[in-house]
Amino acid sequence: MTPMLARVIAVAAAVVAGWLVPALAMRALAPSLESSPLVITNFRGRKVFLGLGLVWAVWAVALLVASAVFDVALLLGEASYGSIESMLLDGPLTMPLYAVPIILTVAAMLFGLADDVFGTSADKGFRGHLRALAQGRLSTGGLKLLGIGSVAAVYGWRTAAQGAEAAGVSHTWVLAGWWVAATFVIALSANLLNLTDLRPGRALKTYSVLALAAGALFVFDVIGQYESYALEMGVTWTATDTAVTLACMAIVLLGPVAAVWRMDLGERGMLGDAGSNAMGAVIGYLLAGALDLPWLSAVAVVLLALNVLSERLSFSRVIESIPPLRYLDRVGRLESDAIPEGSEPREDA
């Protein structure tokens, strides 16, 4: 096997696991969702089904299976261990298959789905959910807050420990601060994406931009660590390999978006909290894994500010008041969907 073939295999795996399997699964699942009790009325009075967020669970499992297949293939090809081809397939080229936080993604999707199915409008926003907890009640939004926050803390510790080790940091308080910042970035990203899911396609568009940026940062961080190791093993990492890795990461991250794009913007289905929370958690994890402590802390502060601001300010009104954002927000929709003054729904957590 040549290095070129290794690159082709990596791209093919990204396409199949990142896009093809989720797309086929959602196409086959859509009729069942349409006839399920999870049919609601959207902001414009159209009947849509909840459940597009399930694509993120399918996506995570497909990537998990693909990564296992690569592990088995490399094990069976142990005779060529250390070759350029094996190191490429066991390095950044196939890293996108392994980079997805499987448990975090599925957990965020499940907690979001619970809020979609069982949630009410009685408790809104952080204050509403915390007030309910203070009164001895656990709302589905509160369950989601605690559940995603807990899993975010687990992955936050993992990324903090890896980042601190790479930076040569061993001080306990610095490591603790890194953990807190990483946890906040993951959890707050999950909630922030949820706040954008008020119009068809808005959450998908927001996720696509942020995920590509976070994914690129993650790729360059991994490659930076890999290059020195590869050099010791006599393997040269080329610009072509970097381009292929970036392409694989983009395919993997945007695969679920492509799988449900037409159903979301065509107002056939809705992502709901299940989809938007999972998307935000993925972005947060990539940022937590790629940024050093100062940048991570800055991102955590910005995310916290935006989440708190959403309690008082309608993001939809802001988007509608800025022509370029309004144009991008409406691209791909069925028709104009301006909301009469005073009927704007309020973002919640």
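Is D329 buried or exposed, and what is its relative accessible area?

D329 is buried, at a relative accessible area of 6%, where buried means under 20%, exposed over 50%, and partly exposed in between (1.4 Å probe, protein chains only). The exercises below concern a predicted model, in which local features need pLDDT of at least 70, side-chain atom pairs count only at pLDDT 80 or more, and totals for chains, interfaces and linings use all residues. Residues are numbered from 1 along each chain as its sequence is written, and side-chain values use heavy atoms, with hydrogens and water left out.

**Exercise 1. Describe the salt bridge of D329 and the burial of its partner.**

Step 1. A salt bridge is a side-chain nitrogen of Lys or Arg within 4 Å of a carboxyl oxygen of Asp or Glu. Side chains of opposite charge can pair when their charged atoms come close.

Step 2. D329 meets R333 in such a bridge, with 2.9 Å from N to O.

Step 3. R333 counts as buried because its relative accessibility is 9%.

Step 4. By this rule the count is eight salt bridges. Shared partners join D115, K144 and D273 into one network.

**Exercise 2. Place the salt bridge between R7 and D241 in the chain, and classify both residues.**

Step 1. The N to O distance between R7 and D241 is 2.6 Å.

Step 2. R7 belongs to helix 1 and D241 to helix 10 (residues 239-265), so this bridge ties together parts 234 residues apart in sequence. Helices (H or I, at least four residues) are DSSP runs, numbered from the N terminus.

Step 3. R7 is buried at 13% relative accessibility, and D241 is buried at 1%.

**Exercise 3. Do the same for E320 and R330.**

Step 1. The closest N and O atoms of E320 and R330 are 2.7 Å apart.

Step 2. E320 lies in helix 13 (residues 315-321) and R330 in helix 14 (residues 323-330), so the bridge connects parts ten residues apart in sequence.

Step 3. E320 is partly exposed at 24% relative accessibility; R330 is partly exposed, with a value of 24%.

**Exercise 4. Characterise the aromatic pair W56 and W59.**

Step 1. Rings of Phe, Tyr and Trp (its six-membered ring) pair if their centres lie within 6.5 Å; planes under 30 degrees apart count as stacked, over 60 as edge-to-face and the rest as tilted. The structure holds five aromatic pairs.

Step 2. W56 and W59 are 5.1 Å apart centre to centre, with 85° between the planes, which makes the pair edge-to-face.

Step 3. Both residues lie in helix 2 (residues 54-76), three residues apart, about one turn of the helix.

Step 4. W56 is buried at 0% relative accessible area, and W59 is buried at 0%.

Step 5. W56 and W59 form one aromatic cluster with Y207.

**Exercise 5. Find the residues of the nonpolar surface patch that includes W19, and locate W19.**

Step 1. Patches are made of residues with over 30% relative accessible area and no salt bridge; like charges are joined within 9 Å, nonpolar side chains (Val, Leu, Ile, Met, Phe, Trp, Tyr) within 5 Å.

Step 2. The patch consists of V16, W19, L20, V21 and L24, with about 390 Å² of accessible area together. Accessible areas come from the Shrake-Rupley method with a 1.4 Å probe; for residues, only the protein chains shown count as cover.

Step 3. W19 is in helix 1 (residues 3-34) and counts as partly exposed at 35% relative accessibility.

Methods:
Helices (H or I, at least four residues) and strands (E, at least two) are DSSP runs, numbered from the N terminus.
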